[in-house]
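Me: I'd like to learn how to read a structure like this one. Can you walk me through it, feature by feature?

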Amino acid sequence: VTLIEAAATPLPEILDAELGEVVARHLESNGVRVLTRSAVSKVEADDDGVSVKAGGEKIRADAVVVAVGVVPRVELAKMAGAELGPTRAIRVDERLQTTVPNVWAAGDCTENRHAATGGPAYLPLGSLANRQGRVLADVLAGRDASFCQVAGAAAVKVFDLNVAAVGCTAARLGGDGLGVRQVWVSAEDRAHYWPEAKLILLGMVYDPATNRVLGVQGVGEEGEVAKRIDVSTQLLLRGAVIDDFAAVEHAYAPPYAPALDPLAVLAMAAANQVDGIESVAPLTDLSRETVLDVRVEAEREERPLTAGALHEIEVSEIRGRADEIPDGPLLVACAHGTRSAEVVRWLAHRGVQARYLGGGVSWRVRALKTDKQ
């Protein structure tokens with residue numbers, strides 16, 4: 001199987017590149033060839049199969065599946081004189097009325113107001129359509145009902161990898177440094193010592209001017225990712241800021257969650273960044289960095305790092321070996337990003353310029369090809 005994607009990484013509408021690369025590696029590990037940055041120019045069928053021209057090459061296949069999204073069916077609305085919005089879907093108000101009196105619309109033909117941007121959005125999801133049907137029934141029955149803004153929560157299963165997201169990607173909003181910021185963590189979905197514990201990778205997009213959270217994305221090996229996105233959705237719909245995410249109470253027991261839920265850890269990493277403890281993207285090129293690896297020896301042996309300059313001091317030995325730490329700027333790395341963030345704060349008090357590797361080495365090994373660690 002060959003997956004052809006015009007964007008740089010898979011699932012670009014819901015995932016930024018840091019998690020998109022994780023999905024790409026997982027597809028490849030299951031035998032799928034991933035061809036990105038490749039637009040399809042031609043599809044031709046013959047007696048022996050199908051040829052697809054994309055990315056400067058010709059790919060032979062037994063069958064081709066074209067999955068490029070959907071467009072709203074608005075012919076009837078046009079006949080009625082209803083206005084379309086900028087998404088080319090039917091413009092409706094909060095009571096699902098079109099711009100024509102006594103004409104309403106609901107479902108995949110309508111556009112809605114997005115909670116993160118405040119602007120129109122086209123999200124043809126069965127979950128939203130069914131809720132709209134209920135609201136419209138109440139409206140037509142004379143009740144005081146309205147359809148609220150949407151956050152765009154979505155989930156998809158990629159082999160045994162679960163992917164979920166809500167809100168907007170940083171790429172859609174202009175990118176890190178152009179009005180929004182990002183932060184990344186990797187964490188176990190339950191107590192780390194529990195036999196069934198699995199790693200979750202989470203990313204957050206937020207507005208540095210207001211600390212309002214604009215998007216959350218995640219991947220993991222089990223369904224616990226969707227749980228965190230469901231919680232994030234409710235918070236986004238209410239305009240939550242970083243501190244609101246950090247304060248969320250969850251049901252704690254080792255078989256179900258760690259003492260600090262991964263979603264709270266993500267919010268705390270964002271709060272640290274607001275406080276000046278800067279992270280860098282998990283896929284950062286380390287060949288130009290002076291890296292301080294604070295993992296224990298077993299972790300380093302299992303997943304070695306290469307960098308422009310590499311210094312290895314376990315986090316428990318940092319204070320005792322302070323004279324061995326080179327002058328900044330440094331990039332501190334650990335398995336998940338939590339220990340390295342602590343070291344960055346300690347270094348800041350000593351006047352050493354440092355940042356840490358967001359998501360840690362655990363993220364990198366899932367996102368980069370083995371020859372690029």
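Me: Let's start with salt bridges. How many does the structure hold?
Reply: The idea is to look for a Lys or Arg side-chain nitrogen within 4 Å of a carboxyl oxygen of Asp or Glu. This is a predicted model, and it holds 21 salt bridges.

Me: Which residue forms a salt bridge with aspartate 144?
Reply: That's arginine 95, with the closest N and O atoms 3.8 Å apart. The two are 49 residues apart along the chain: aspartate 144 sits in the loop between helix 3 and strand 8, and arginine 95 in the loop between helix 2 and strand 6. Aspartate 144 is exposed at 79% relative accessible area, whereas arginine 95 is partly exposed at 28%.

Me: And where do arginine 345 and aspartate 275 lie?
Reply: Arginine 345 is in helix 9, and aspartate 275 is in the loop between helix 7 and strand 13, so their pairing ties together parts that are 70 residues apart in sequence. Their closest N and O atoms are 2.9 Å apart. Salt bridges can also share partners, and that joins Glu21, Arg25 and Glu28 into one network.

Me: Next, backbone angles. What sign does phi usually have?
Reply: Most residues other than glycine have a negative phi. Here, arginine 37 has a positive one of about 50°, and leucine 96 has one near 65°.

Me: Is leucine 96 buried or exposed?
Reply: Anything under 20% relative accessible area counts as buried. Leucine 96 has 1%, so it is buried; its place is the loop between helix 2 and strand 6. Arginine 37, in the loop between strand 2 and strand 3, has 63% and therefore counts as exposed.

Me: What about the surface: which residues form a nonpolar patch?
Reply: Look for nonpolar side chains that are accessible and grouped together. In this model Val40, Val43, Val64, Val66 and Val68 form such a patch, with about 460 Å² of accessible area together. Take valine 43: it lies in strand 3 and is partly exposed, with a relative accessible area of 45%.

Me: Now zoom out. How many helices and strands are there in the protein chain?
Reply: There are 10 helices and 17 strands. The chain has 373 residues, and 45% of them count as buried. To see how the chain folds back on itself, check contacts against sequence distance: among contacts with a separation of 6 or more, 59% are between residues 24 or more positions apart.

Conventions: Residues are numbered from 1 along each chain as its sequence is written. This is a predicted model: local features need pLDDT of at least 70, side-chain atom pairs count only at pLDDT 80 or more; totals for chains, interfaces and linings use all residues. Side-chain values use heavy atoms; hydrogens and water are left out. Patches are made of residues with over 30% relative accessible area and no salt bridge: like charges are joined within 9 Å, nonpolar side chains (Val, Leu, Ile, Met, Phe, Trp, Tyr) within 5 Å. Accessible areas come from the Shrake-Rupley method with a 1.4 Å probe; for residues, only the protein chains shown count as cover. Helices (H or I, at least four residues) and strands (E, at least two) are DSSP runs, numbered from the N terminus. Buried means under 20% relative accessible area, exposed over 50%, partly exposed in between (1.4 Å probe, protein chains only). Contact means heavy atoms within 4.5 Å.
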